[in-house]
Amino acid sequence: MTVNTMMEVLYNSKFMLHNSDSYAEGRYRIADFTSRTDEVDRDGEKYIALVHTKSYQEMVRDACMNHSVLAEVNLSPDSYAAACSAVGLTVMASEQDDFAVVRPPGHHAKPERADGFCLFNNIAIAAQKMVKEGKRVFILDIDGHHGDGTQEIFYRSDQVFFCSIHQQYVYPGSGSKDERGVGAGIGYTINFPLDEGAGDHELLKAVDTAIGKAMEFKPDVVGVSAGFDGYIKDRLLGLKYTLEGYYQCGRKLGQSFDHVFAVLEGGYHMDILKCTQHFIRGVNDSK
């Protein structure tokens with residue numbers, strides 16, 4: 001595995017062309033990265049089949065080419081190009097211990113279903129690629145919504161340890177503590193549903209618990225579904241995380257594991273850049 005000494009942002013401006021004017025998951029979320037980040041790209045289309053069925057991939061492609069609506073998203077040909085690059089940059093991040101700032105997000109996408117603004121499950125695809133390479137993967141989802149797609153994909157697996165920290169009683173309505181996996185995957189899923197109003201203390205307590213359990217799992221790689229809708233200024237949720245909370249989350253992960261990468265999920269406010277910077281600074285300060 002080739003890695004950078006320090007975590008860096010992976011970004012491409014084509015993500016600005018997807019569903020650009022949406023009030024929810026629109027280009028405003030990542031506009032601040034365009035003038036601050038060197039662009040990179042990788043076509044991830046060949047990796048999609050690691051998680052999604054061929055018929056589903058074709059359906060998404062056709063929906064984009066026909067300017068259809070899917071997962072509450074107005075699609076276009078630019079959407080399919082962005083989705084393929086989102087997968088590609090997430091895979092690249094997993095190889096280099098970087099942070100992929102991408103759109104569309106992925107953690108609600110299931111093998112044959114688009115949901116919650118998500119078309120392809122970026123982090124699940126990257127994780128499944130690593131599993132096929134013989135690696136054990138710990139996925140920590142800190143998005144304020146439960147990562148139901150990622151959970152479903154790995155619910156029967158003992159090669160991926162999945163933890164989600166999220167606000168309870170909101171979309172998608174899953175993520176209770178009794179959802180722990182099935183078959184060989186029993187015990188490899190842990191959910192941390194938080195009450196509305198929970199802040200850094202509750203977030204970091206859950207992060208500490210997740211890290212402790214993950215150390216028993218002994219992952220080769222840690223992937224973070226870094227949604228920032230738990231942020232105190234978010235318009236959709238009622239959590240109260242701060243920039244310091246994201247810094248401490250990154251620092252704890254960097255202190256505990258040698259290989260950490262991340263991919264952007266949700267976050268519906270104007271401070272995505274600041275949240276990302278603080279998380280990355282926490283990871284890098286731990287080295």
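The largest pocket holds about 210 Å³ of space. This is a predicted model. The pocket has 13 lining residues. Of these, Phe-161, Gly-187, Tyr-188, Ile-190 and Lys-213 lie nearest the pocket centre. Two elements, strand 7 and helix 5, each supply at least two residues of the lining. Strand 7 gives the most, with 4 residues. By class, the pocket lining has 5 nonpolar, 3 polar and 5 charged residues.

Closed spaces come next. The count is 2 cavities of 30 Å³ or more. The table sets them beside the pocket.

| Space | Volume | Lining by class |
|---|---|---|
| Largest pocket | about 210 Å³ | 5 nonpolar, 3 polar, 5 charged residues |
| Largest cavity | about 40 Å³ | 4 nonpolar, 1 polar, 3 charged residues |
| Second largest cavity | about 30 Å³ | 7 nonpolar, no polar, 2 charged residues |

Which residues line the largest cavity? They are Met-7, Asp-97, Gly-254, Phe-257, Asp-258, Val-260, Val-283 and Lys-287. The second largest cavity draws on Tyr-28, Arg-29, Ile-30, Ala-31, Asp-32 and Phe-33. Met-270, Ile-272 and Leu-273 also line the second largest cavity.

Gly-254, in the lining of the largest cavity, also belongs to the buried set of helix 6. Helix 6 covers residues 243–256, 14 residues in total. From first C-alpha to last, helix 6 reaches 20 Å, close to the 20 Å expected at 1.5 Å a residue. Its buried residues are Leu-243, Gly-245, Tyr-246, Tyr-247, Cys-249, Gly-250, Leu-253 and Gly-254. An α-helix has 3.6 residues a turn, so residues three or four places apart point the same way. What covers the buried residues of helix 6? The cover includes three strands: strand 5 (137–141), strand 8 (221–226) and strand 9 (260–264). It also includes helix 5 (200–217) and helix 7 (272–285). Helix 5 thus appears twice here: in the cover of helix 6 and in the lining of the largest pocket.

The sheet links several of these elements. It is open and has 7 strands, in the order 1-4-9-8-5-6-7, with parallel pairing. Its edge strands are strand 1 (9–10) and strand 7 (189–194), each pairing on one side only. Strand 7, at this edge, is the top contributor to the lining of the largest pocket.

Farther along the order, strand 4 (residues 99–100) runs parallel to strand 9, and 2 bridges join them. Which residue of strand 9 is the bridge partner of Ala-100? That partner is Val-263. Strand 9 is also among the elements that cover the buried residues of helix 6.

Key. Residues are numbered from 1 along each chain as its sequence is written. This is a predicted model: local features need pLDDT of at least 70, side-chain atom pairs count only at pLDDT 80 or more; totals for chains, interfaces and linings use all residues. Side-chain values use heavy atoms; hydrogens and water are left out. On a 1 Å grid over the protein atoms alone, a cavity is a set of points where a 1.4 Å probe fits but cannot get out, and a pocket is an open set with protein on both sides within 12 Å along at least five of seven lines; lining residues have an atom within 4 Å of a point. Grid points are joined across faces, edges and corners, and a volume is the space filled by probe spheres set on the points. Ala, Val, Leu, Ile, Met, Phe, Trp, Tyr, Cys and Pro count as nonpolar, Asp, Glu, Lys and Arg as charged, and the others, Gly among them, as polar. The expected span of a helix is 1.5 Å times one less than its number of residues. Buried means under 20% relative accessible area, exposed over 50%, partly exposed in between (1.4 Å probe, protein chains only). Contact means heavy atoms within 4.5 Å. Two strands pair if DSSP finds at least two bridges between them.
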